[in-house]
Amino acid sequence: MAAFSLIHSHSALGAFYRRLRSRLGAPKAITATAHKLARLFYKVWITAGQYSDPGMDYYEQK
């Protein structure tokens, strides 16, 4: 559900989803983005850190 909401997001995760959707199709892109989001959440939760989104432009330039 959270990965699906990234369709119109102007974040690095939104850009990641849109790139995968164009290559793999929507179902696989949603699954891959949900997996990436879960790993990101786990890392932030375990380290008690903060997540700062680098932005869509940073991701697309990379």
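**Exercise 1. Determine what share of the chain is buried and describe the overall fold.**

Solution. Buried residues account for 26% of the 62 residues in the chain, where buried means under 20% relative accessible area, exposed means over 50%, and partly exposed lies in between (1.4 Å probe, protein chains only). The structure is a predicted model, in which local features need pLDDT of at least 70, side-chain atom pairs count only at pLDDT 80 or more, and totals for chains, interfaces and linings use all residues. Residues are numbered from 1 along each chain as its sequence is written, and side-chain values use heavy atoms, with hydrogens and water left out.

Next, consider the secondary structure. The chain contains three helices and zero strands; helices (H or I, at least four residues) and strands (E, at least two) are DSSP runs, numbered from the N terminus. The pattern along the sequence is α-α-α.

Then take the surface. The accessible surface of the chain is about 4,800 Å², and 62% of that belongs to carbon and sulfur atoms; such areas come from the Shrake-Rupley method with a 1.4 Å probe, and for residues only the protein chains shown count as cover.

Finally, take the contacts, defined as heavy atoms within 4.5 Å. Among contacts between residues at least 6 apart in sequence, 52% join residues at least 24 apart.

**Exercise 2. Check the spans of helices H1 and H2 against expectation.**

Solution. The expected span is 1.5 Å times one less than the number of residues in the helix. Helix H1 (residues 12–24) has 13 residues and should therefore span 18 Å; its end C-alpha atoms are 18 Å apart, which agrees. H2 has 22 residues and should span 32 Å, while its end C-alpha atoms are 31 Å apart, which also agrees.

The residues that come after these helices complete the description. H1 is followed by Gly-25, with a positive phi near 100°. Just after H2, Ala-48 has a positive phi of about 55°.

**Exercise 3. Identify the residues of the largest nonpolar core and the helix that gives the most to it.**

Solution. A nonpolar core is a set of buried Ala, Val, Leu, Ile, Met, Phe, Trp, Tyr and Cys residues joined through side-chain atoms within 4.5 Å. The largest one has five residues: Ile-7, Phe-16, Tyr-17, Leu-20 and Ala-29. H1 gives the most to this core, with three residues. In soluble globular proteins, nonpolar side chains tend to be buried together.

The buried residues of H1 are Ala-12, Leu-13, Gly-14, Ala-15, Phe-16, Tyr-17 and Leu-20. Beyond its neighbours within four places in sequence, Ala-29 contacts Tyr-17, Leu-20 and Arg-21.

Arg-21 lies in helix H1 and counts as partly exposed because its relative accessibility is 34%. With neighbours within four places in sequence left aside, Arg-21 is in contact with Ile-7, Ala-26 and Ala-29. The C-alpha atoms of Arg-21 and Thr-33, twelve residues apart in sequence, are 9.9 Å apart.

**Exercise 4. Establish whether Leu-6 is buried or exposed, and list its contacts.**

Solution. Leu-6 is placed in the segment before H1. Its relative accessibility is 11%, so Leu-6 counts as buried. Leaving aside neighbours within four places in sequence, Leu-6 touches Ser-11, Leu-13, Gly-14, Tyr-17, Arg-18 and Thr-33. Between Leu-6 and Ile-30, 24 residues apart in sequence, the C-alpha separation is 9.1 Å.

**Exercise 5. Locate the nonpolar surface patch and characterise Phe-41 and Tyr-51.**

Solution. Patches consist of residues with over 30% relative accessible area and no salt bridge, with like charges joined within 9 Å and nonpolar side chains (Val, Leu, Ile, Met, Phe, Trp, Tyr) within 5 Å. A salt bridge is a side-chain nitrogen of Lys or Arg within 4 Å of a carboxyl oxygen of Asp or Glu. Phe-41, Tyr-42, Trp-45 and Ile-46 form a nonpolar patch of about 540 Å².

Phe-41 is in helix H2 (residues 26–47) and is exposed, because its relative accessible area is 55%. Tyr-51 is in the loop between H2 and helix H3 (56–61); at 40% relative accessibility, Tyr-51 counts as partly exposed. These two residues are ten apart along the chain, with C-alpha atoms separated by 8.7 Å. Apart from neighbours within four places in sequence, Tyr-51 contacts Leu-13, Leu-40 and Val-44.
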